[in-house]
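Here is a friendly walk through one protein model. Take a look at the sequence and the structure, and then we can go through some of the features together.

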Amino acid sequence: MRAGSEKRRMPAEWEEVHMIQLTWPNEDTDWSYMFEEVVECYRSILSALLRETSVDVLIVTRSKEETLKSVSDVIGESNRVSFVETEINDTWARDHSPLTIKVDEERRLLLDFQFNGWGLKFAADKDNKIGREVYSQSLSAMGYLYESHYDMVLEGGAVESDGNGTLMTSEHCMTSVNRNGFSREEVERRLMEYTGVKRVLWTEHGSLTGDDTDGHIDTLARFAPEDTIVYLTPPSDEADVDYEGLRLMEKELASFRTQEGKPYKLVGLPYPQVKYDCETGERLPATYANFLYVNDVILLPVYDVPQDLQAISLMVEAFPAKKVLPIDCSALIRQHGSLHCVTMQYVR
């Protein structure tokens, strides 16, 4: 199916969500050395979705039977959980899943881009097929349409939409030679054609030490309702390796203008106390910007550090109409991602 690009609209993530996808860990993924710990984190996310929201949950797994052993008590009698069985390399659903586009009031289109392991860093042959499997095994029966765009490498965490024609992304990631090697102009042309956005806001600075994604925007800055951008502020220590890039990104965000020419309202989230992997000593890329909108609820990653309470308070103040639910994501950052990274929403 090829819908006219002039009719397409890339929705904002806070629009009505129909389903959340989780791609479930197994002991043959990179989680093997801390398998029980990460499964407990996934259980917490699943439990929060079933307990605090009305959305359905789609679990992608290599074995439904295997996964049910670890979640049957969480699911209970719920009829809101379904499964897609397929082989997987890893569990970062945000980046190997299709993006939902609104074609009109009724039709929803899945854009399935190529996934190449964040610029050929990791194996991705199995994950690259997940979008097709999710469509054929599940979403096609729900009326979703499908469009393959294997002519472009694009991870879901690399783009942010305000739902009104503006997309935000980071230059370092989107023009990476190991992804596409496209110029900014070519990236913009394709994004506008495929998603229907009218313009692209580029950040040229900002990244987190320990991040494998080359600066995914969903770890740094996020669109919010009422022309707001929620972002990660620089660390308080000016000598910190992340300080200068985040300081320059903050200036870039302050220079951005809405389509009406007005500055965005900026909400700065604290930079978490630096955490290190207890086994490898690696610095971990903790960030509160990696939150997930789920209709009237926001799932906020926290990391058992002093800044957690401040981040929760700021999000409650910024989103008074939504319930903010903190989820301990200390396990997820040990493989260099967080809460938004392990989820993908499908909008109505």
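In this predicted model, strand β8, which covers residues 166-170, pairs with β9 in the parallel sense, and 5 bridges join the two. One of the links can be named: L167 has V200 in β9 as its bridge partner.

These strands belong to an open sheet of 3 strands, ordered β7-β8-β9, with mixed pairing. Why do β7 and β9 each have one side without a neighbour in the sheet? Both stand at the edges with a single partner strand, so one side of each is left free of a neighbour there. From one strand to the next, the twist averages 25°. Helix α7 packs on this sheet and touches β8 and β9, its direction making about 135° with that of β9.

Here are the elements of this region and their residues:

| Element | Residues |
|---|---|
| Strand β7 | 159-161 |
| Strand β8 | 166-170 |
| Strand β9 | 199-203 |
| Helix α7 | 184-195 |

Now for the pockets. The largest pocket has a volume of about 230 Å³. Its lining is made up of 14 residues, and P225, E226, A318, F319 and P320 are the ones that lie nearest its centre. By type, the lining of the largest pocket holds 8 nonpolar, 2 polar and 4 charged residues.

Finally, step back to the whole protein, which has 9 helices and 18 strands. Its radius of gyration is 19 Å, close to the 20 Å that the globule rule gives for 348 residues, so the protein is as compact as a globular protein of that length. Along the principal axes, its C-alpha trace spans about 50 × 50 × 40 Å.

Conventions. Residues numbered from 1 in each chain as written. Predicted model: local features only at pLDDT ≥ 70, side-chain atom pairs only at ≥ 80, totals over all residues. Heavy atoms only, no water. Pairing = 2+ DSSP bridges. Helix = DSSP H or I, 4+ residues; strand = E, 2+ residues; numbered from the N terminus. Axes fitted to C-alpha atoms, helices over the stretch in contact; angles between N-to-C directions. Contact = heavy atoms within 4.5 Å. 1 Å grid on protein atoms, 1.4 Å probe; cavity = no way out; pocket = protein on both sides within 12 Å on 5 of 7 lines; lining within 4 Å. Points joined across faces, edges and corners; volume = space filled by probe spheres on them. Nonpolar A, V, L, I, M, F, W, Y, C, P; charged D, E, K, R; others polar. Rg over C-alpha atoms; globule rule 2.2 N^0.38 Å.
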